[in-house]
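Me: Please take a close look at one buried charged side chain in this model and at the salt bridges around and beyond it. I would like one connected account.

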Amino acid sequence: METQLTRIAEVAKTRPNEKFTSLAHLINEESLKDCHQQMSRKKSAGIDQVTKDDYELNLEDNLKDLVHRLKRQAYKPQPVRRVYIPKPGTDKKRPLGIPAYEDKLVQAVLAKMLNSIYEPSFLECSFGFRPNRGCHDALKVLNMILNRKEINYVVDADIRAFFDHVDHEWMLKFLQHRIADPNLLRLIVRFLKSGIIEAGVKYDTPEGTPQGGGVSPILANIYLHYVLDLWFEKKVRKACRGSVYMVRYADDTVFCFEYEEEAKQFYSQMIIRLKEFNLEVADEKTKIVCLGKDDDDEDKPGEPKESQSFDFLGFTHYRSEGKDGVICILRKTSKKKYRASLLRCKEWIKNNRHIPTKDFMKKLKIKLQGYCRYYGITGNRPAVSNFIDEVKRLIFKWLNRRSQRKSFGWDKFNLFLKKYPLPQAKTYVNIRALKAGLSYVL
């Protein structure tokens with residue numbers, strides 16, 4: 001399977017106009033078994049309530065039957081089970097779709113195939129759900145762009161409920177640019193049209209691709225590649241007289257401009273462009289930001305101003321004036337993400353304070369380590385340090401409530417932290433060090 005995928009990727013890269021006519025046969029027992037072995041046992045079950053352990057009890061026969069149905073075109077994906085997960089710090093909830101187990105396997109193989117075909121075609125400005133690219137890579141490139149002297153304006157764009165409004169007809173047209181295998185296209189359409197089950201009721205899915213499905217991220221990237229990336233690269237950049245750039249992570253995108261009039265013109269054009277493809281911007285989350293590099297601002301240096309800052313990938317990006325008077329763009333943990341992370345931490349401590357102390361501190365340390373490794377980027381150490389201090393206060397509060405008697409005073413608690421130390425705030429990621437291969441702005 002890996003050899004075949006490598007060959008597909010080579011053809012896709014060297015022959016960009018090539019259409020692949022025979023792909024469905026790659027979804028076979030071997031490739032499905034590989035994906036089964038890679039599947040996490042912790043994943044939630046779909047409407048069939050089948051887990052990895054259940055499917056594994058009769059794995060060979062289950063896979064043979066699945067492949068047989070695929071070859072006869074008798075395989076039909078089951079509706080996904082819709083669940084809602086809370087967004088900490090708000091009353092809103094995020095919808096997720098959980099496919100049935102064998103649908104997860106087929107989607108996993110399908111995602112590998114689509115990645116092999118389209119990855120060579122994706123542009124440098126795209127970072128979400130791509131191999132060897134992540135949030136920190138997007139932040140590094142954005143940092144380099146924003147700190148260019150000529151970049152003065154940012155269009156911070158957010159697409160409203162993107163995954164719920166992907167147009168199936170346009171999706172199929174985009175896929176047909178590179179895929180001419182009717183069996184594979186039919187299978188993708190079946191996944192898109194499989195429906196959802198919510199509270200025991202089945203709903204059709206005339207549009208959208210559910211978040212949570214294994215094939216949804218690559219389909220989303222394909223859709224936005226044609227809707228946004230190519231349009232911006234081929235039309236917008238060529239029409240602008242000043243410097244312009246974009247950085248996209250999934251459906252969260254930042255557009256950078258030299259001139260205000262071009263930023264405003266683009267904003268209007270983007271609304272029209274998205275509407276053509278059944279999408280719209282979230283007005284409350286989309287704005288034009290003036291970085292104000294030429295302003296003589298007497299406000300306190302280093303303090304983010306609402307009119308001159310924006311949030312992207314969990315960080316607030318804001319202008320700051322150095323000791324030499326040079327304006328630069330820095331970043332710190334956004335207030336929204338800071339509060340949400342602290343709330344999650346509080347709930348976990350509150351609900352798990354009864355477990356043995358050693359296990360409690362070990363698990364909490366792992367959670368904090370993950371937080372520190374993501375937010376511990378250049379210039380953000382104070383925010384991470386404040387977060388750790390807040391967590392220490394939460395530990396002190398809730399461990400003292402494990403019994404009617406107070407367990408700790410601060411002196412004793414400090415000795416406790418020496419025995420069970422928490423991660424220290426430090427810079428894990430040098431935001432100014434661009435990884436090899438990210439040549440978008442060079």
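Reply: A residue counts as buried under 20% relative accessible area, as exposed over 50%, and as partly exposed in between. The model is a predicted one.

The part to look at is Lys52, which belongs to helix α3, residues 52-56. Lys52 is buried, yet no salt bridge is found for it. Which side chain of opposite charge is nearest to Lys52? It is that of Glu56, 5.0 Å away. A salt bridge needs a side-chain nitrogen of Lys or Arg within 4 Å of a carboxyl oxygen of Asp or Glu.

The side chain of Lys52 does reach backbone oxygens. One belongs to His36, at 3.1 Å. Another is that of Gln37, at 3.3 Å. Leaving aside neighbours within four places in sequence, Lys52 is in contact with His36, Gln37, Met39, Ser40, Arg41 and Tyr101.

One of these contacts, Arg41, leads to the salt bridges. Arg41 pairs with Asp53, and the closest N and O atoms of this salt bridge are 2.3 Å apart. Arg41 sits in the loop between α2 (29-38) and α3, while Asp53 is in helix α3, so the pair ties together parts 12 residues apart in sequence. Both partners fall in the middle class of accessibility: Arg41 is partly exposed at 47% relative accessibility, and Asp53 is partly exposed with a relative accessible area of 41%. Glu56 appears again here, since a network of salt bridges links Arg41, Asp53 and Glu56. Lys52 itself has no salt bridge.

Over the whole structure, the search gives 19 salt bridges. Two further examples follow.

Arg133 forms a salt bridge with Glu124, with the closest N and O atoms 2.7 Å apart. Arg133 counts as buried at 14% relative accessibility, whereas Glu124 is partly exposed at 30%.

Glu261 forms a salt bridge with Arg241, and here the closest N and O atoms are 2.8 Å apart. Glu261 lies in helix α10 (residues 260-276) and Arg241 in the loop between α9 (216-239) and β6 (244-249), so this pair ties together parts that are 20 residues apart in sequence. Is Arg241 buried or exposed? With 61% relative accessibility, Arg241 counts as exposed, because the class begins over 50%. Its partner Glu261, at 44% relative accessibility, counts as partly exposed.

Note on methods
Residues are numbered from 1 along each chain as its sequence is written. This is a predicted model: local features need pLDDT of at least 70, side-chain atom pairs count only at pLDDT 80 or more; totals for chains, interfaces and linings use all residues. Side-chain values use heavy atoms; hydrogens and water are left out. Helices (H or I, at least four residues) and strands (E, at least two) are DSSP runs, numbered from the N terminus. Buried means under 20% relative accessible area, exposed over 50%, partly exposed in between (1.4 Å probe, protein chains only). Lys and Arg count as positive and Asp and Glu as negative; His and the chain ends are not counted. A polar contact is a pair of N or O atoms within 3.5 Å; within protein, one must be able to donate a hydrogen and the other to accept it, and residues adjacent in sequence count only if both atoms are side-chain atoms. Contact means heavy atoms within 4.5 Å.
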